[in-house]
Amino acid sequence: EIWQNSVTQKIFAYVGAQSDGNLIIVDLTVLSHGEPHDVDGANCPYTDRGRKDYGHTVTVGGEGLLIMNTASASDDDDVGCYIFDLEADAWNPPLVGKYSRTSRALTDCHDSIVRKNMYVPSLKANRTILISADGYAGVWRLVDITDTENPTILGQTDEPSEFSYAHSHTLDEAGELLYVFEESNTYDIGIWNVSDPSHPKFVNSFSYSNNNDRNSLVHNGHIRGNELFVAYYEAGFRIFDVTDPLHPIETGKFDTYFDPDYDGKENDNIVLREDYYGAWNLYPYLPSGIVLVSDLWNGLYIFKVRKSTDEPEIPTTNPNNDDQSNDDPLNIDLCFSSNNEIIVDGVPSSIKNLKIGDSVMVDEKGNYGKVYSFGHYEPNAKPEYIEIHSTNDKTGAPLILSEAHMVFVEKEN
């Protein structure tokens with residue numbers, strides 16, 4: 001079984017591999033649009049450049065550098081990060097440097113980031129800095145690779161007091177705060193100030209909101225603006241507002257593993273900690289703002305993430321069916337599942353089959369309302385008519401939502 005990881009730079013994709021896999025470079029100028037390419041077809045130009053097992057993960061950065069991260073903790077020197085020059089030849093990049101063992105210190109280089117023109121106060125100069133997640137060493141190291149043939153370690157995060165696996169990381173847009181993800185379930189997410197690469201300073205560490213009740217490993221994360229998007233294994237897709245790094249706030253979630261259909265029913269095949277399950281990786285940098293999340297068990301998820309200031313907020317489910325005012329809604333972006341069961345003209349059906357004009361049961365008393373609109377915002381929606389009786393939500397009680405919901409009905413009585 002070959003593990004592969006890919007990254008793009010200009011017109012090429014670079015696919016690294018582990019477990020007997022090589023570096024594959026793909027020419028993206030010939031894309032197939034809606035239809036997949038033939039396997040090994042002539043209409044999919046690619047080349048095999050060897051470099052067997054160099055690429056557990058791959059990174060591009062520093063304006064033209066390809067980094068192949070071995071994520072290896074073997075006793076030989078064939079570990080660490082391999083540096084290739086894409087500016088010299090993007091189709092067959094030459095090896096120009098290597099960050100590997102120094103005084104037998106573990107340099108697994110599980111993942112890396114390259115930042116060009118990063119100011120180093122002690123040198124009073126801008127340098128090209130490689131930030132390496134050094135796996136079993138439990139630390140993240142900042143390495144000067146301005147001279148790629150002679151990498152120099154400038155600084156590192158503190159060595160942990162207990163075992164911690166330095167897995168991956170993301171750097172904020174200012175190049176000052178490094179968000180790190182450790183895959184050994186010690187502290188999950190850490191924040192370090194690396195504005196001085198020679199002397200990283202610890203800022204904070206935190207876990208997802210339900211970690212005390214249902215502990216989960218963390219895997220990968222990316223930052224976009226003040227939002228940290230995290231693939232959190234069994235805890236699924238999590239979003240944190242890190243405007244104040246001392247007080248991160250979890251602002252969004254989707255249980256890709258426990259509740260992949262988001263219908264309130266947990267996955268029947270849940271397995272905890274016997275292997276790796278749940279949200280594996282994500283990508284939040286598409287121009288559309290769409291976030292892609294991959295789940296090891298349930299496949300690809302595509303999310304539109306919005307902030308509460310963009311559109312009206314929507315209150316959460318009211319499990320006690322208490323009177324609930326729309327004047328003070330909770331910040332939950334909630335929609336009915338298309339498979340939720342409802343009652344249409346006295347007959348059980350599902351929301352995905354609703355049509356304009358259908359009469360749908362809107363409460364447990366048997367009252368009906370006519371569907372007059374679908375969509376995510378209708379200025380003329382009437383808040384008193386937006387309770388729909390569903391038998392498939394998390395609590396068994398009706399879902400009571402604001403006028404920003406996708407189905408609007410009018411009472412008939």
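The lining of the largest pocket breaks down into 19 nonpolar, 23 polar and seven charged residues. Keep in mind that this is a predicted model. The protein chain has 30 strands and zero helices, and the pocket draws on several of those strands for its lining.

**The largest pocket**
- The space in the largest pocket comes to about 1,800 Å³.
- It is lined by 49 residues, and those closest to the pocket centre are Asn 5, Val 58, Asp 111, His 222 and Asn 281.
- Strand 1 (3–9), strand 5, strand 9 (111–120), strand 13 (166–171), strand 17 (220–224), strand 21 (279–283) and strand 22 (291–295) are the elements giving two or more residues to the lining.

**A four-stranded sheet**
- Four strands make up an open sheet, running in the order 5-6-7-8 with antiparallel pairing.
- Strand 5 (57–61) and strand 8 (95–99) sit at the edges, so to speak: each of them pairs on one side only.
- Ignoring direction, neighbouring strands in this sheet are turned by 20 degrees against each other on average.
- Strand 7 (residues 81–85) pairs with strand 8 through four bridges, again in the antiparallel sense.
- Across from Phe 84 you'll find Leu 95, which belongs to strand 8.

**The chain overall**
- The protein chain has 413 residues, and 46% of them are buried.
- Take the contacts in the chain with a separation of 6 or more: 46% of them come from residues 24 or more positions apart.

How values were computed:
Residues numbered from 1 in each chain as written. Predicted model: local features only at pLDDT ≥ 70, side-chain atom pairs only at ≥ 80, totals over all residues. Heavy atoms only, no water. Pairing = 2+ DSSP bridges. Axes fitted to C-alpha atoms, helices over the stretch in contact; angles between N-to-C directions. 1 Å grid on protein atoms, 1.4 Å probe; cavity = no way out; pocket = protein on both sides within 12 Å on 5 of 7 lines; lining within 4 Å. Points joined across faces, edges and corners; volume = space filled by probe spheres on them. Nonpolar A, V, L, I, M, F, W, Y, C, P; charged D, E, K, R; others polar. Buried < 20%, exposed > 50% of the residue type's maximum accessible area, 1.4 Å probe, protein only. Contact = heavy atoms within 4.5 Å.
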